[in-house]
There are 2 protein chains.
Amino acid sequence: MELFGERGFEQTTVAEIAARAGLTERTFFRHYSDKREVLFGGSSGFSGLLMQSIADAPAGATPIDTIAAALATAGELFVDRLDHARRRQRIIDAHADLQERELIKLASLAASLAEALRQRGVGDPAARLAAEAGVAVFKVAFDRWIELSNTASLSDIIRESLDELKAVTAGNERR
Amino acid sequence: MELFGERGFEQTTVAEIAARAGLTERTFFRHYSDKREVLFGGSSGFSGLLMQSIADAPAGATPIDTIAAALATAGELFVDRLDHARRRQRIIDAHADLQERELIKLASLAASLAEALRQRGVGDPAARLAAEAGVAVFKVAFDRWIELSNTASLSDIIRESLDELKAVTAGNERR
DNA sequence: CTATGTGATGTCAGTAACTGACATAGAGCA
DNA sequence: TGCTCTATGTCAGTTACTGACATCACATAG
């Protein structure tokens, strides 16, 4: 993060990252499968927590309410992380390669959430659609949360965005 | 596509692709920004057609109906392309790098659709959510269409999937 | 018909991400 | 003390990708 902030992602070589960490380039690649991955280390833990909150949702909850519970968990995980999230996102937004990596992490998250729904007995394609919709809500909400003008909490924005999605798909939007 | 089918994507070097096309490696990179892009050339045209169908939708249509019109256009574009789509997808599914590229193309598509909705006067975040939901429906429907066991048309599957999404977000799904 | 400019292609050298093979060091343990 | 196992270092190699410059075909002005 330091080096990326100083020189930008492309201008920073893996050799420099390794040197700053007191390691060899070869050792870097033993810890991270590639240069981009260094920014996405925590994503598997994140995914696991959301899957758990799906598993823990009340037995009678509908798929969309179950997804809402997972999104609520996601919102809580970013409390007090706004500054860090903004710095990180600024780097990602500046490089298409990093955006691609972010998107595949989110796609993998959607697949995990769908699987967690299926384990609750939700059928396909409902499970997959609910999961994809949930991730779409998260993406939109996260972007709104990151915006410099925003002061609301991620949790609140997620709730609002989910309600907006419901209104949109119900055909309740003007124009 | 020939070379990727024979040897796989990673095992095929750009020099080989260029040679097969009767060109130099350097010339390849003047036509395609990178090796992966060779599989995603048509995506800007695709995106343009969907944006046009959003612009052409009836003035009073709701955002979700407008997106439905765009998805209908998308469905028509793949008539008689099932075999080609399956071969191409097999290659993509085998390589994470290619999946990343596919995802960023779809994200770019979602951004374009959202912009087309905004030009019709749809506000944010409704425009973005409707667009993201539309792309999610397309993803799920496309996967179902590609499945070997499937015989239905992409257009029909898209319609079904959109209806499923509406049911899911309305909370009308069991369990 | 010649000259000149323009766009596509070729040639070449260089950088940096990533990989495989092998060597070494240190921690724990018999 | 010696053995094993894991993390790390070293080194050589491949390949994607880029910048600089040369060349060639073709069109068009003069």
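This section describes the contacts between the two protein chains and the surfaces that they present to the two DNA strands. The model is predicted.

In the predicted model, 41 residues of chain A are in contact with 41 residues of chain B. Between them the two chains bury about 3500 Å², and 66% of this area lies on carbon and sulfur atoms. Eight salt bridges are counted between chain A and chain B, along with seven residue pairs in polar contact, both residues being at pLDDT 80 or more. On the side of chain A that touches chain B, the elements giving two or more residues are helix 5 (63–77), helix 7 (96–119), helix 8 (126–146) and helix 9 (154–169) of chain A. Helix 8 of chain A gives the most to this side, with twelve residues. By class, the side of chain A that touches chain B has 19 nonpolar, seven polar and 15 charged residues.

One of the salt bridges joins the side chains of A:Lys139 and B:Glu132, with an N to O distance of 3.7 Å. A:Lys139 is placed in helix 8 of chain A. The relative accessible area of A:Lys139 is 17%, and this residue is classed as buried because the value is under 20%. When neighbours within four places in sequence are left aside, A:Lys139 is in contact with A:Leu103 and A:Leu106 in chain A, and with B:Arg128 and B:Glu132 in chain B.

DNA strand C is surrounded by 15 residues. The closest are A:Arg26 and A:Lys35 from chain A, and B:Thr27, B:Arg30 and B:His31 from chain B. Of the strand C atoms within 4 Å of the protein, 51% belong to sugar or phosphate, and the rest belong to bases. Base and phosphate oxygens of DNA strand C both take part in the contacts listed here. A polar side-chain atom of A:Arg26 is 2.8 Å from a base oxygen of DNA strand C. A polar backbone atom of A:Lys35 lies 2.7 Å from a phosphate oxygen of the strand, and a polar side-chain atom of B:Thr27 lies 2.4 Å from a phosphate oxygen of DNA strand C. The elements that give two or more residues to the surface near DNA strand C are helix 3 (25–31) of chain A and helix 3 (25–31) of chain B. The residues of this surface divide into three nonpolar, five polar and seven charged.

Around DNA strand D there are 16 residues. Those that come nearest are A:Thr27, A:Arg30 and A:His31 from chain A, together with B:Arg26 and B:Lys35 from chain B. For DNA strand D, sugar or phosphate accounts for 51% of the atoms within 4 Å of the protein, with bases making up the rest. An N or O atom in the side chain of A:Arg30 is 2.5 Å from a base oxygen of DNA strand D. A polar side-chain atom of B:Arg26 is 2.7 Å from a base oxygen of DNA strand D. A polar backbone atom of B:Val14 lies 3.3 Å from a phosphate oxygen of the strand. Helix 3 of chain A and helix 3 of chain B each supply at least two residues of the surface near DNA strand D. By class, the residues of that surface are three nonpolar, six polar and seven charged.

Conventions
Residues numbered from 1 in each chain as written. Chains lettered and ligands numbered in written order. Predicted model: local features only at pLDDT ≥ 70, side-chain atom pairs only at ≥ 80, totals over all residues. Heavy atoms only, no water. Contact = heavy atoms within 4.5 Å. Buried area = accessible area lost by both parts, 1.4 Å probe. Salt bridge = Lys/Arg side-chain N within 4 Å of Asp/Glu carboxyl O. Polar contact = N/O pair within 3.5 Å; in protein donor to acceptor, adjacent residues only side chain to side chain. Helix = DSSP H or I, 4+ residues; strand = E, 2+ residues; numbered from the N terminus. Nonpolar A, V, L, I, M, F, W, Y, C, P; charged D, E, K, R; others polar. Buried < 20%, exposed > 50% of the residue type's maximum accessible area, 1.4 Å probe, protein only. Near = heavy atom within 4 Å.
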